[in-house]
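Biologist: Could you take a close look at the side-chain interactions here, both the charged groups and the aromatic rings? I would love one connected walk through them.

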Protein chains: 2
Amino acid sequence: MKTGEDDHPAPAPMEGRGAYNRNSRVQAAGLAAAIPLFEKAARNCTLSDSSDPVVIADYGASEGRNSLAPIAAAIAILRQRIGTEREISIVHTDLPDSDFSALFRTLVGDPDSYLCGGENIYPSAVGRSFYEQILPSNSVTLGWSSWAVQWLSRMPARIPDQVHVSSSQDAVAHAAFAAQADYDWRMFLNQRSRELRVGGRLVVLTMALTWSGDFGYHAVLRALYGGLQDLAFKGEITAEELSRMVIPTVGRSRSDLIAPFGLGNRFADLAVEHAEVFLEADRIWQQYETDRDSKAYGARWAAFSRASVFPTLALALEPADDPSRVQNFIASAEAHMAARLAAAPEPCDIPLAKLVLAKLAT
Amino acid sequence: MKTGEDDHPAPAPMEGRGAYNRNSRVQAAGLAAAIPLFEKAARNCTLSDSSDPVVIADYGASEGRNSLAPIAAAIAILRQRIGTEREISIVHTDLPDSDFSALFRTLVGDPDSYLCGGENIYPSAVGRSFYEQILPSNSVTLGWSSWAVQWLSRMPARIPDQVHVSSSQDAVAHAAFAAQADYDWRMFLNQRSRELRVGGRLVVLTMALTWSGDFGYHAVLRALYGGLQDLAFKGEITAEELSRMVIPTVGRSRSDLIAPFGLGNRFADLAVEHAEVFLEADRIWQQYETDRDSKAYGARWAAFSRASVFPTLALALEPADDPSRVQNFIASAEAHMAARLAAAPEPCDIPLAKLVLAKLAT
């Protein structure tokens, strides 16, 4: 899909074929902090008296590995409330090009899957953008969304001097990203509110800004952009291609996240029960402190970036659909980024936000 | 997954990446005959008084193209009964390795999609075998399954002299396939019955046997096996690999299909409302009669076979996970089969069965 007047490409899917499952340990560590909130939501959510399945939605599931622990935790709490007989339906959503086969293989085959030992649980998937309503109205009792809503629905602008807006000095890009971030957050909340049952809860874990407005990841973003500049210098990509490369993600501050709700704490029949920005530990740096293996340090952050954002950057290649050029670009960008990081390891701040939203009666 | 004491591989998925969508016109023509039955089922099924979504399940959806017309037809009838506001949920199921991205792209992007112009319709997918219960109990109002239940849950036996049991002279293979076909059909019915609401309907279109027990496709199966023998003769596959190649599909006779229901017409709380074996026209032969293009005739049947069964045959390669060897095998098998068909075009019988089953009160 093409979007926007400047023909900025929309976000690409993750790399697929299990790459996200294998290289998302940063995300796994970060989301662990939100699991207690999800368990509390499972205790507090309103359950219908009917025998209908209880629906848990997982918005932005990717290949599923990182959803297993939170979903299993919620199921364990729900089972205390509804017993073992009542059916539970789990709906994992992501963009159409996400690797749903990897997701289903993970659900059926991973020893940590919530299907192992669990009875009367029915997983399914929806391959549509969560900026639309994609589940029936008033159907979801518990919603979970981890490392997903930082992805904007479209590229709001080019970033002339960087690939991520947080590193840019460009005022136009900052304004365009801020406006899109606000629009998309409200759209996300609106659609989820339609899907939630009254008394249902939605737990969100997302990239954030610190109180001073810092997105973090300084060393990683510097090495990423520096590596791309290396490729341009060597002629592996053109200056025009580099100028089109954009990562359409944003960190939102706590104020950004609660802004729609206003003084009355109500937006689209949702209320904020919890909203907190916290700093996740930099596990990749911690491992480096232990093993002092700078090559491994660089390789880990580069693999993280490859799995999460390189396919999106590759959309700027001309043509963007030459598989061997895309593969070469991704491999080369990863290698240059890893080398730059290995040359000068340093720790990163990882600001995250966790929220609990409750669906109110109209 | 490996199954069975003889370590026969389980069925492989279709080829994916849109190949099935592009090369399934034989299936599309055959299933058209079942759409009026599905429309009648949509008129006759019992609808709940609640405002819950009406659930339509599509068992064995592959990449979705062939599901658009029947689902749209059922939705049109349902809309006459429930109006435009009540939500409809469409669940497409197939094996985990099916190409669900192609499915979701088809649903969102195909001009014939039931989502085009349709409001309050929510598609989802389930990547699990329909020989298990994969949807909540008593949740499905209308079920559709086209060109799917001929696939057995496992390879029941080797076929020493052929790749399809219908061409084989081997009594052991015939007995093993017949037993598995009976077991799987009963298993399929049992699971669907759990998922259907009382008063719901399930429409099945599947490969069948004529009254005399003929599976049809004689010229196609002869060219397929002959082409594989060519590959073995040229050393592209070994005799051992050829001997392991099996297409785990069966045609069932009308008697086979209604056998579980017995004189009381009841099995697993299901009753047969309609059961009919019919001969579908051979569209590929009809086109040859018009254009007399024998190469195109051969290529069309070979593409049909490639999209539907070659990936399964490739599981017999040793090793089976060498992508370039698999690709070479598939391309070469397709070319040899096409050449053999082009040398001597002839029409095929295509026996199909269509059934309507109703869920009874317990």
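Modeller: Happy to; what follows goes from the charged side chains to the aromatic rings. Please keep in mind that this is a predicted model.

Let me start with Asp94(A), in the loop between strand S4 (88-93) and helix H5 (100-109) of chain A. Asp94(A) is buried yet has no salt bridge, and the nearest side chain of opposite charge, Arg192(A), is 11 Å away. What does the side chain of Asp94(A) reach at 2.6 Å? The partner is the backbone nitrogen of Ser62(A). In addition, the backbone nitrogen of Ala61(A) lies 3.3 Å from a polar atom of the Asp94(A) side chain. Beyond its neighbours within four places in sequence, Asp94(A) has contacts that include Gly60(A), Phe100(A) and Val126(A).

Chain B offers another buried acid. Asp110(B) sits in the loop between helix H5 (100-109) and strand S5 (121-126) of chain B, and its relative accessible area is 13%, so the residue counts as buried. Its side chain makes a polar contact of 3.3 Å with that of Arg65(B). With neighbours within four places in sequence set aside, Asp110(B) touches Arg65(B), Leu68(B), Arg105(B) and Cys116(B).

Arg105(B) leads us on to the salt bridges, of which there are 36 over all chains. One of them pairs Asp97(A) with Arg105(B), with the closest N and O atoms 2.2 Å apart. Asp97(A) is in the loop between S4 and H5 of chain A, while Arg105(B) is in helix H5 of chain B, so this pair joins two chains. Both partners are partly exposed: Asp97(A) has a relative accessible area of 37%, and Arg105(B) has 42%.

Within chain A, Lys354(A) bridges to Glu276(A), the closest N and O atoms being 4.0 Å apart. Because Lys354(A) lies in strand S9 (residues 350-359) and Glu276(A) in strand S8 (residues 270-280), the bridge ties together parts that are 78 residues apart in sequence. Lys354(A) is buried at 12%, whereas Glu276(A) is partly exposed at 30%. In chain B, Lys354(B) lies over the face of Phe278(B), at 4.8 Å from the ring centre.

Helix H6 of chain B holds another bridge, between Glu195(B) and Arg192(B), residues three places apart, about one turn of the helix. Their closest N and O atoms are 2.9 Å apart. Glu195(B) is buried with a relative accessible area of 0%, and Arg192(B) is buried at 1%. The charged end of Arg192(B) also sits over the ring of Phe188(B), 4.9 Å from its centre.

That ring brings us to the aromatic pairs. Phe188(B) pairs edge-to-face with Tyr59(B), at 6.3 Å centre to centre and 80° between the planes. Tyr59(B) is in strand S3 (residues 54-59) of chain B and Phe188(B) in helix H6 (residues 171-195), so the pair connects parts 129 residues apart in sequence. Both Tyr59(B) and Phe188(B) are buried. In chain A, Tyr59(A), Phe130(A), Tyr131(A), Trp185(A) and Phe188(A) make up one aromatic cluster.

The count of aromatic pairs comes to 26 over all chains. Among them are Tyr217(A) and Trp301(A), whose ring centres are 6.3 Å apart with planes at 85°, so this pair is edge-to-face. Tyr217(A) lies in the loop between strand S7 (196-207) and helix H7 (218-233), and Trp301(A) lies in helix H11 (residues 294-308), 84 residues apart. Tyr217(A) is buried at 3% relative accessibility, and Trp301(A) is buried at 0%.

Methods
Residues are numbered from 1 along each chain as its sequence is written. Chains are lettered from A and ligands numbered from 1 in the order in which they are written. This is a predicted model: local features need pLDDT of at least 70, side-chain atom pairs count only at pLDDT 80 or more; totals for chains, interfaces and linings use all residues. Side-chain values use heavy atoms; hydrogens and water are left out. Rings of Phe, Tyr and Trp (its six-membered ring) pair if their centres lie within 6.5 Å; planes under 30 degrees apart count as stacked, over 60 as edge-to-face and the rest as tilted. Helices (H or I, at least four residues) and strands (E, at least two) are DSSP runs, numbered from the N terminus. Buried means under 20% relative accessible area, exposed over 50%, partly exposed in between (1.4 Å probe, protein chains only). A charge sits over a ring if NZ of Lys or CZ of Arg is within 6 Å of the ring centre and within 35 degrees of the ring normal. Lys and Arg count as positive and Asp and Glu as negative; His and the chain ends are not counted. A polar contact is a pair of N or O atoms within 3.5 Å; within protein, one must be able to donate a hydrogen and the other to accept it, and residues adjacent in sequence count only if both atoms are side-chain atoms. Contact means heavy atoms within 4.5 Å.
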